[in-house]
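This report looks at how a ligand is held, and then at a few features of the chain itself.

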Amino acid sequence: MKIDRIVLRKMVMPLKTPFQTSFGSINVRTFIMVEAHGKNDIGYAEVSTEAIPQYNEECVGTAWYVMDKFLIPLLYKNIETIEHPSEVAQVFQPVKGNLLAKSGLENALWDLYAKEKGTSLANIIGGEKKEVDVGVSIGIQKDIPALISAMEGYIAEGYQRMKLKIQPGWDINVVEQVRRHFPNTPLMVDANSAYTLDDMDLLKQLDDYNLQMIEQPLAYNDIIDHSILQKQLKTPICLDECLHSLEDVRKAVYLGSCQIVNIKIGRVGGHQEAIKIHDYCKENGIPVWCGGMLEAGVGRAHNIAIASLSNFTYPGDTSSSSRYWYEDVINPDVKITPQGTIMTPSGPGIGYEVSHTTLDRYSDFIQTFRN
Ligand code: OSB
Ligand code: MG
């Protein structure tokens with residue numbers, strides 16, 4: 001492949017409403033936009049970090065540093081011999097971890113490659129679905145009436161399942177009242193690592209509410225205790241934070257630590273690893289779905305492409321642009337259909353036009369790396 005330059009932008013975009021999880025609340029999204037400039041096309045991707053390393057170990061500062069000092073130099077050193085974006089992960093292999101940073105560069109090359117071939121990203125990575133099923137992830141609210149009214153709005157828009165963020169003090173009581181209000185709505189919870197095995201009795205009570213799954217109840221880096229917990233629960237556990245690679249997934253499945261896998265392209269280092277996890281889970285009868293990291297439109301478009309692979313069985317977290325942003329960086333916006341799906345774009349690459357006017361408006365800092 002040929003790259004003339006890579007442009008990194010530190011993006012600062014205000015969210016319409018604050019998003020609160022067990023690890024913190026954010027009202028301004030801080031992340032990195034990657035542009036890979038080829039001969040005639042630009043590949044785009046997001047590094048879904050935050051300003052603070054609170055979801056996992058990476059943040060905007062570390063990702064920027066690792067791209068600047070190590071990943072971009074490695075890419076430039078090897079770019080002439082890279083024929084396909086599936087080879088990028090191998091080129092980054094000398095750098096341990098830093099998967100969100102790696103995924104930003106790798107995914108920008110996938111977009112660029114697809115554009116140069118004149119075909120959609122979904123098509124290049126083996127997507128088959130014309131539309132993908134989506135739900136919505138709802139942060140911790142000020143009280144239960146506020147949550148119920150937010151849910152009514154999302155159900156009216158067509159979202160196919162509701163994911164409630166939970167934490168100690170905002171869990172059983174909330175799920176119970178929500179279930180009373182919405183007896184049949186597909187429902188799941190995500191604890192973002194807020195519990196330990198000391199909470200076993202409480203977590204077992206969640207079995208009474210017909211939840212699709214419980215996402216990442218225990219520590220972000222633990223698959224042993226999740227295996228102990230899963231044996232005590234009827235509800236499937238889905239792992240998010242714990243899984244960074246196909247190897248992690250294989251071990252979690254072997255131990256019985258989860259029955260469902262959340263695939264986030266960034267958390268696993270890029271499309272290549274995401275595809276490998278998808279294929280492994282498909283062969284082994286493990287359903288997967290596509291998680292989200294409050295992405296802007298570019299990241300959202302990458303999520304839609306990966307979610308179009310056949311074993312993405314449960315609705316994903318990729319909601320409409322309008323749920324998050326006053327103004328998204330792509331045209332048109334991502335928009336759900338009344339049936340709660342998003343159409344897989346068929347245009348070249350990510351299939352959405354990126355607005356540089358909007359990018360510039362939300363760019364806090366821009367740096368160009370010439371080859
Ligand atoms: O755990 O899935 C998560 C957002 C930021 C970090 C972690 C998570 C989330 C979400 C929101 O749940 C998903 C989205 O709407 O993009
Ligand atoms: Mg999660």
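## Basis of the description

A polar contact is taken here as a pair of N or O atoms within 3.5 Å. The model is a predicted one, and the distances and angles below are to be read with that in mind.

## Ligand 1 and its surroundings

Which backbone atom lies 2.8 Å from an oxygen atom of ligand 1? The atom in question is a polar backbone atom of Leu294, and side chains make further approaches to the ligand: a polar side-chain atom of Lys165 lies 2.9 Å from an oxygen atom of ligand 1, while for Lys163 the distance between an N or O atom of the side chain and a ligand oxygen is 3.1 Å. Of the 380 Å² of accessible area that ligand 1 has on its own, the protein covers 97%.

There are 17 residues around ligand 1, and those that come nearest are Ser137, Lys165, Asn192, Leu294 and Tyr324. By residue type, the shell is made up of eight charged, six nonpolar and three polar residues. The place occupied by ligand 1 is the largest cavity.

## Aromatic pairs

Five aromatic pairs are found in the structure. In one of them, the ring centres of Trp64 and Phe365 lie 5.5 Å apart and the ring planes meet at 45 degrees, so the pair counts as tilted. This pair links distant parts of the chain, since Trp64 belongs to helix H1 (residues 60-78) and Phe365 to strand S15 (residues 363-370), with their positions 301 residues apart in the numbering.

## Backbone features in two loops

The peptide bond that joins Asn331 and Pro332 is cis, with omega at about -10 degrees. Pro332 is placed in the loop between strand S12 (330-331) and strand S13 (341-343).

Asn98 has a phi near 55 degrees, which is a positive value in a residue other than glycine; its place is in the loop between helix H2 (88-91) and helix H3 (99-117).

Key: Residues are numbered from 1 along each chain as its sequence is written. Chains are lettered from A and ligands numbered from 1 in the order in which they are written. This is a predicted model: local features need pLDDT of at least 70, side-chain atom pairs count only at pLDDT 80 or more; totals for chains, interfaces and linings use all residues. Side-chain values use heavy atoms; hydrogens and water are left out. A residue is near a molecule or strand if one of its heavy atoms lies within 4 Å of it. A polar contact is a pair of N or O atoms within 3.5 Å; within protein, one must be able to donate a hydrogen and the other to accept it, and residues adjacent in sequence count only if both atoms are side-chain atoms. Accessible areas come from the Shrake-Rupley method with a 1.4 Å probe; for residues, only the protein chains shown count as cover. On a 1 Å grid over the protein atoms alone, a cavity is a set of points where a 1.4 Å probe fits but cannot get out, and a pocket is an open set with protein on both sides within 12 Å along at least five of seven lines; lining residues have an atom within 4 Å of a point. A molecule sits in a cavity or pocket if more than half of its atoms lie within 2 Å of its grid points. Ala, Val, Leu, Ile, Met, Phe, Trp, Tyr, Cys and Pro count as nonpolar, Asp, Glu, Lys and Arg as charged, and the others, Gly among them, as polar. Rings of Phe, Tyr and Trp (its six-membered ring) pair if their centres lie within 6.5 Å; planes under 30 degrees apart count as stacked, over 60 as edge-to-face and the rest as tilted. Helices (H or I, at least four residues) and strands (E, at least two) are DSSP runs, numbered from the N terminus.
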